[in-house]
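Please read the following report alongside the sequence and the model. It starts with one helix and widens from there to the contacts between chains, the domains and the confidence values.

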Amino acid sequence: MTHRKKPWILGVYLAALLAGCAQKQNSSQLTIWHWMSDREDTLQELAGRYETATGIPVRFELFAPSEAYSQKVKAAAQTNTLPDVFGVLGEKRDLASFILSGHVANIAEEINDQEGAWRKLLFEKPLLMNEFDAGNGYGVPVGTYGVPLDVMNIQFLYNKDLFRQAGLDPNKPPVTWRDFLAANAKLKEKGIQGLVSGWGEIWLIECLASNFAWNIMGQDKILATLKGKVLYTDSDWVRVLKLFQEMRDQGALAEGVVTMINKRAEQIFANGQAAFAMNGSWCVNVYHGMNPSLDYGVMLPPRVSNTYPQVIWGGAGSNFMVNAKSVRKEQAAAFLKWLTAKEQQVYLATQTRNLPSNREALVDLPPILAEFVNDMDRTVHPSLMPLAEFPLVTEAMTKGIQSILIGEKTPEELAAQVQAVKDRELEKQMAQR
Amino acid sequence: MKVRLKDTFENYFFILPAIVMFATFSIYPFFKVFQLSAYEWDGISSTMRFVGLANFWDIFRHNTVWWTSVWNAVYVTLLALTFQNILALLLALACDRKIRGGHVYRVIFYLPPVLSGIVVGLIWSWIYDGNYGLLNHWLKAIGLDGLTRSWLSDPKTALTSVAVIHMWKGFGWGFVILLAGLQNIPRELYEAARVDGANAWQVFKEVTIPMMIPVFILVAILTVLGTMQIFDIIISTTGGGPGYHTEVPVTRILSTMTGTSQFGYACAEGIIFGILLLLVSLFQMRIGKTFRQAP
Amino acid sequence: MYSVTQYRAKRFGLKLVMQLFCAGVAATCLFPLFWMAASSLKTQETVFSDFSLLPSNPQWLNYVNAWTKGGFGVYFLNSIFYSTVVVVGIVLISSLAAYAFARLRFPGRQFFFILFLATMMIPIPGAFIALYVLLNKLGLINTHWGYILPQINGGLALSIFLLKTFFEKLPKDLEDSARIDGCTKWGIYWHLAMPLAKPAIAVVVIFNVLAVWNEYLLAMLVLTDKELMPLQRGLMVFQGAHITQYPLLMAGMTISVIPIVVVYLLMQRYIIEGITAGAIKG
């Protein structure tokens, strides 16, 4: 009988497969978890080089997409089964939580060793994202808890061909807010769309709002807002929100940006269907892949005030942390030091086309990418602040800006709503103490 | 008496493997979700704070966004229950009747469920695009310029547009079940009805519908469960926006869990959602029973 | 009464409408598939700028690259293994339970049925970490069984529900006569109910194969070794956080769709054969 055979075959198959998976244990082997699916081959190659150089085998294990990775790391933390090295995705409070639960080793000693030889190699702010200083609002002991593998920042891009078509000077991108709106008006006359960006992913909205806020009110007032001493109904914050309303009213945005995912926005800009884009430094390679002849330039987000300096969002692209519970902590830190040394960083940067975290590894950059690098010192990031906004407040703000962009809310209404959420969160926090 | 006891005992053996699986892999996560719903926890920390029913209380009292998301899912579900299932039934009837090329159609109609969400997201965001979209292109071609818009970001059309994608992707499931149901009706019944002089419509009304009621109920319940839990299409097209116009319960649970790191709160949302679904399903089964007993 | 010509005309008209309707819907289903296949033959440059369905310069090498870069060899075998074991498990366990719920009497029948149904209700995201903790305790992390068993459990509810509906529809008198002929419950289940429920079992197989084949979240959670990973892991390589290699991704997805369609082709024969094949006469 034919159908009798099937379980039998299955059984053999099963046994064969199960037999093949006896675990090879190696006590000196370093295991590293990551989510960077596009760098798998490169990391594997580096692992091989490290083993040849030091005799220590390194195993990179990839889990993607990043949401799945982040679940896995959280789950492994619950069972104390994290690998020797891993990356923490998410915001600084997540990193703080991992540290406070004893999962992340403090590598300050290594980083500052020999008068900070290692520290000096790296871009300052991306490294700072992994550090906690005295009196930080997270309650984390002072220290360095991770190393950036690469860096990035987010700026505006403009299409030079479309500028020419609209009679704009392709070498003089708009600098002020007024210039920006005027340029958009001219583009619109020619039927050319304005700004495109993946604002369906709300963090990009948060990013632009933060640029505006820093430019209008500066760091101290933003900090005071985080502490609850300045309200979101303050005229400066309303002003930030009004800028979004203005973009909507002036038609300065491409169709559908409110719900667009960023990969779609990248297609649109690469195909010359919108004049401006707001995107991270990785976009240079994305655009190059989709349309190598795209003629475009980088510009800072338009200046909306002269009171405070212009800033951009940026910092580390990805970070690696050492597992505090690993028996191979020193070896793991040594490996990370090797990984961020010049030679490896050059290889990593050229292979994966990301910006290296090692300043000395910046070689042969395309001119546009070089412009991004030059602005690394302008970067700000919520992770660089001593304390963070309540996540629910940020969510209400960014989602609310979407509502402004579709004309459902006014800036004043939103400011009041955001403040109401903030008040509730503060109240909850007080009740806990 | 002894025989009957042994008999009942034997009957349990039929469900024993399923119970063993359930007891091993479902009860503990179930229990854990219930337990966590009473805590404030970020999903990482080794300490958590007991808050009792506060999470539930907050959802009922303050969380209007959550209830908006439930309503959005209900709206999509109502559309799916009608349009998607009618489409599936019509196609299943057509294929049941041996139309020309029926065996080819049977394969083609199951293609949308097979397609990856990435392809579906790419294609539909291109169809719906405001400036370069196919839909607007066609509307202009037939002179309906007034209707063109950016379908996924216009608050008036965003949710319906997402619902259309979902229904297109989902009708294949219903089609396959309904076709199997139709094929399970003994042909003799049709022949007998024909001999009695019934026309096509009467055959459908007197034979097909009564025989199919259990399958209809099955498909209806599966549609409700499948559609209420919609989320991947939304994440790859609108991300829940604009504003909260396309938020649904699962996207809310996910962003509560990872976006704002309120793990316990997300569990509470999950439980409320689960109970809602269970109630709806039981209600549907009850309707099914009344229907079956009626004729 | 209709005359014969009228009747024929009407039938022809109805057939034409049905034909047009089916063809229209079919076109919308085929288009994405063609688009995917066409995109798999383009380059990263042309994939979003050249909209032809027949690319002028087809890049067949994309398939070779996708297969080797994605490491599909091992993953493909793994996926076939996982799909087979999970689906066989689901069909056996769920058909037993469904038969009991449909035909046998025992205390707590309704309770257990609703319990199973409830597993379909609570969205799994919340239970993920709990599942990991559980599998860790059972020593099943990074093993075949750690990936297989939760998936069998996950597919049970829907399958039980589906099969129960179809078992209930089976004519009772057949079973009664079999019982009189001296068949045991197990005999009736295996030799009578199962063959009669072939269409429904085919549906269960189709649904579950698709679910297992496309699964990746659980794989990422439970498995660590590359050697154990399923096919979807291969596709991840083409989707970076920032850069997606669309043509390779499309080529990989085209490859991965083929087995599903083949399974569907094989199974839908059973759906159609169903009762018409004369199983009742047996």
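## A covered helix in chain C

Helix α5(C) is mostly covered, since seven of its 10 residues are buried; a residue counts as buried if 20 or more other C-beta atoms lie within 10 Å of its own, as exposed if 12 or fewer do, and as partly exposed in between, with C-beta atoms placed from the backbone. Helices here are DSSP runs of H or I with at least four residues, strands are runs of E with at least two, and both are numbered from the N terminus. This is a predicted model, in which local features need pLDDT of at least 70 and side-chain atom pairs count only at pLDDT 80 or more, while totals for chains, interfaces and linings use all residues. Residues are numbered from 1 along each chain as its sequence is written, and chains are lettered from A and ligands numbered from 1 in the order in which they are written.

The buried residues of α5(C) are F128(C), I129(C), A130(C), L131(C), Y132(C), L134(C) and L135(C). Their cover includes α3 (66-78) of chain A, α2 (27-36) of chain B, and α6 (144-169) and α10 of chain C. Just after α5(C), G139(C) takes a positive phi of about 70°.

## Contacts between the parts

Two residues are in contact if their C-beta atoms, placed from the backbone, lie within 7 Å. By that criterion, the contact between chains A and C takes 33 residues from chain A and 27 residues from chain C. On the chain C side, the elements that give two or more residues are α3 (72-103), α5 (128-137) and α10 (217-222), and α5(C) gives the most, with five residues.

Between chains B and C, 63 residues of chain B are in contact with 68 residues of chain C. Helix α1 (residues 2-25) of chain B provides the largest share of the chain B side, 11 residues.

Chain A is divided by its domain assignment, which is automatic or taken from a database, into domain 1 (30-151 + 316-384) and domain 2 (153-313 + 387-432). The C-alpha centres of these two domains of chain A lie 29 Å apart, and 19 residues of domain 1 are in contact with 15 residues of domain 2. On the domain 1 side, α4 (92-100), α15 (367-374) and β12 (379-380) of chain A each supply at least two residues, with α15(A) giving the most, four residues.

The table sets out the residue classes of three of these contact sides, where Ala, Val, Leu, Ile, Met, Phe, Trp, Tyr, Cys and Pro count as nonpolar, Asp, Glu, Lys and Arg as charged, and the others, Gly among them, as polar.

| Contact side | Nonpolar | Polar | Charged |
|---|---|---|---|
| Chain C, touching chain A | 15 residues | 10 residues | two residues |
| Chain B, touching chain C | 48 residues | 10 residues | five residues |
| Domain 1 of chain A, touching domain 2 of chain A | eight residues | four residues | seven residues |

## Chain A and the nonpolar core

Chain A contains 17 helices and 12 strands, and buried residues make up 49% of its 433 residues. Its C-alpha trace spans about 70 × 60 × 55 Å along the principal axes.

The largest nonpolar core has 298 residues, and those with the most contacts inside it are V196(A), F175(B), L178(B), A97(C), I160(C) and V203(C); such a core is a set of buried Ala, Val, Leu, Ile, Met, Phe, Trp, Tyr and Cys residues joined through C-beta atoms within 7 Å. This core draws at least three residues from each of domain 1 and domain 2 of chain A. Not counting residues up to four places away in sequence, A97(C) touches F14(B), I15(B), A18(B) and I160(C).

## Confidence and helix α7 of chain C

The model scores ipTM 0.85 and pTM 0.88. For chain C the mean pLDDT, the predictor's confidence in each residue from 0 to 100, is 85, and 94% of its residues reach 70 or more. Confidence in chain C is highest in α3(C), at a mean of 94, and lowest in helix α7 (residues 172-180), at 82.

Helix α7 of chain C holds A178(C), which is partly exposed, with 16 other C-beta atoms within 10 Å. Leaving aside neighbours within four places in sequence, A178(C) is in contact with C183(C), I188(C) and L192(C).

Over residues 275-282 of chain C, pLDDT stays under 50, and the model has seven contacts for them beyond four places in sequence. Where pLDDT is low, the predicted coordinates should not be read in detail.
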